[in-house]
Amino acid sequence: MSRVYNFSAGPACLPEEVLREAAADMLDYKGTGMGVMEMSHRTPEFEEILHTAESDLRELMGIPENYKVLFLQGGGWQQFSAVPMNLVRNGKADYIVTGQWAKKAAEEAEKYLTVNRVASSADRNFSYIPDCSDLPIDEDADYVYICQNNTIFGTKYPKLPDTKGKTLVADVSSMFLSEPIPVNEYGVIYAGVQKNAGPAGLVVSIIREDLIRDDVPAFVPTMLKWKTQADADSLFNTPNCWAIYICGLVFKWLKAKGGLSVMKAENEKKSSLLYSFLDQSEMFKGTVEKNSRSLMNIPFITGNKELDAKFIAASKAAGFENLKGHRVVGGMRASLYNAVPYRAVEDLIGFMEEFEKRER
């Protein structure tokens, strides 16, 4: 059976080269007689996998030495709690709410501190990124929080907000490793890897060392305390060994392709192709304002729910998988992560053109 074009928002497609290498290693990793899923996380073989993955990620992203890289479990939802638990000092934080996950993160943080929602795009169903050049940042805010790329609504910050000197925390899950980012402008970056870097079950947190402190509130669980994980180099308990291994292969694949600047150019080319079609189509329309468009997640609609459903069914039958939009937006969504080939976008547009001619 041939592989389909997979436009899933996550878990998402992985590079075929990575999948083939992982399949070859499944029964016997480098002559050990066992697969990575079977070996102890305390073995020299796995520690090499972990340390190489971190080294390659640091090289790809240009991560400064004064930042820790942690490979953690629990996904983004767990970081919704871990962030306020580890950063609370004055008991206040400023959140910019630009979609479902920033909204959920703010609600979770309210269990531990006072949340000020300093900007929001809820007034137009999160179809844009608000002006963040002069926000009412609280002088006592412990940090400012953003979800930099909004998977569900297909928006991305055109530039980072002015936090007026406060620590910037960013969920970058659905844009992780899709383009270079200035790591030193953030205090904390985290990403669930299942969207663009590996299988579900792992979150990578990149944290400036001065923010990893022992004097967190006594109620903070041992496993959610960043210092616990940092002191043990992500090996305090059994980590998600398989996901770390796959991410390590993806990091090497990205390096072989030329790094994140090359990926950005490829991703811009793919997204521009689809956006250009949507802008001229009489049937299909994008839902995001032009200056807030994501390179990774592109939602679109016909304006007719029955026609949307018909398109989704027809596209699936034609080998285009996971184009159904999130339930809170409806319509369709194409996620163009690093492993989605340019040819997939070309063929999708060809199918959309045929559908439009047939149904118009």
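Which residue lies over the face of Tyr342? In this predicted model, Lys269 takes that position, at 4.6 Å from the ring centre. A second charge sits over a ring elsewhere: the charged end of Arg124 is placed over Tyr128, 3.9 Å from the centre of its ring.

Aromatic pairs were searched for across the whole structure, and 18 were found. One of them joins Phe284 and Phe355. Their centres are 6.2 Å apart and their planes meet at 45 degrees, a tilted arrangement. Phe284 lies in the loop between α7 (260-280) and β11 (285-286), and Phe355 lies in helix α9 (residues 342-359), so the pair ties together parts that are 71 residues apart in sequence. Both rings belong to buried residues, Phe284 and Phe355.

Phe320 and Phe351 also form a tilted pair, because their ring centres are 5.4 Å apart and their planes stand at 40 degrees. This pair links distant parts of the chain. Phe320 is in strand β13 (residues 320-321), Phe351 is in helix α9, and 31 residues separate them. Phe320 and Phe351 are each buried. These residues fall within one aromatic cluster, whose members include Tyr5, Phe7, Phe277, Phe284, Phe300, Phe311, Phe320, Phe351 and Phe355.

Glu108 is found in helix α4 (residues 100-109). Its relative accessibility is 13%, so Glu108 counts as buried. Leaving aside neighbours within four places in sequence, Glu108 is in contact with Trp77, Phe80 and Ser81.

The surface carries a nonpolar patch formed by Met26, Leu27 and Met37. Together these residues have about 340 Å² of accessible area. Met37 is located in the loop between α1 (16-25) and α2 (44-61). With a relative accessible area of 52%, Met37 is exposed.

Technical notes: Residues are numbered from 1 along each chain as its sequence is written. This is a predicted model: local features need pLDDT of at least 70, side-chain atom pairs count only at pLDDT 80 or more; totals for chains, interfaces and linings use all residues. Side-chain values use heavy atoms; hydrogens and water are left out. Patches are made of residues with over 30% relative accessible area and no salt bridge: like charges are joined within 9 Å, nonpolar side chains (Val, Leu, Ile, Met, Phe, Trp, Tyr) within 5 Å. Accessible areas come from the Shrake-Rupley method with a 1.4 Å probe; for residues, only the protein chains shown count as cover. A salt bridge is a side-chain nitrogen of Lys or Arg within 4 Å of a carboxyl oxygen of Asp or Glu. Helices (H or I, at least four residues) and strands (E, at least two) are DSSP runs, numbered from the N terminus. Buried means under 20% relative accessible area, exposed over 50%, partly exposed in between (1.4 Å probe, protein chains only). Contact means heavy atoms within 4.5 Å. Rings of Phe, Tyr and Trp (its six-membered ring) pair if their centres lie within 6.5 Å; planes under 30 degrees apart count as stacked, over 60 as edge-to-face and the rest as tilted. A charge sits over a ring if NZ of Lys or CZ of Arg is within 6 Å of the ring centre and within 35 degrees of the ring normal.
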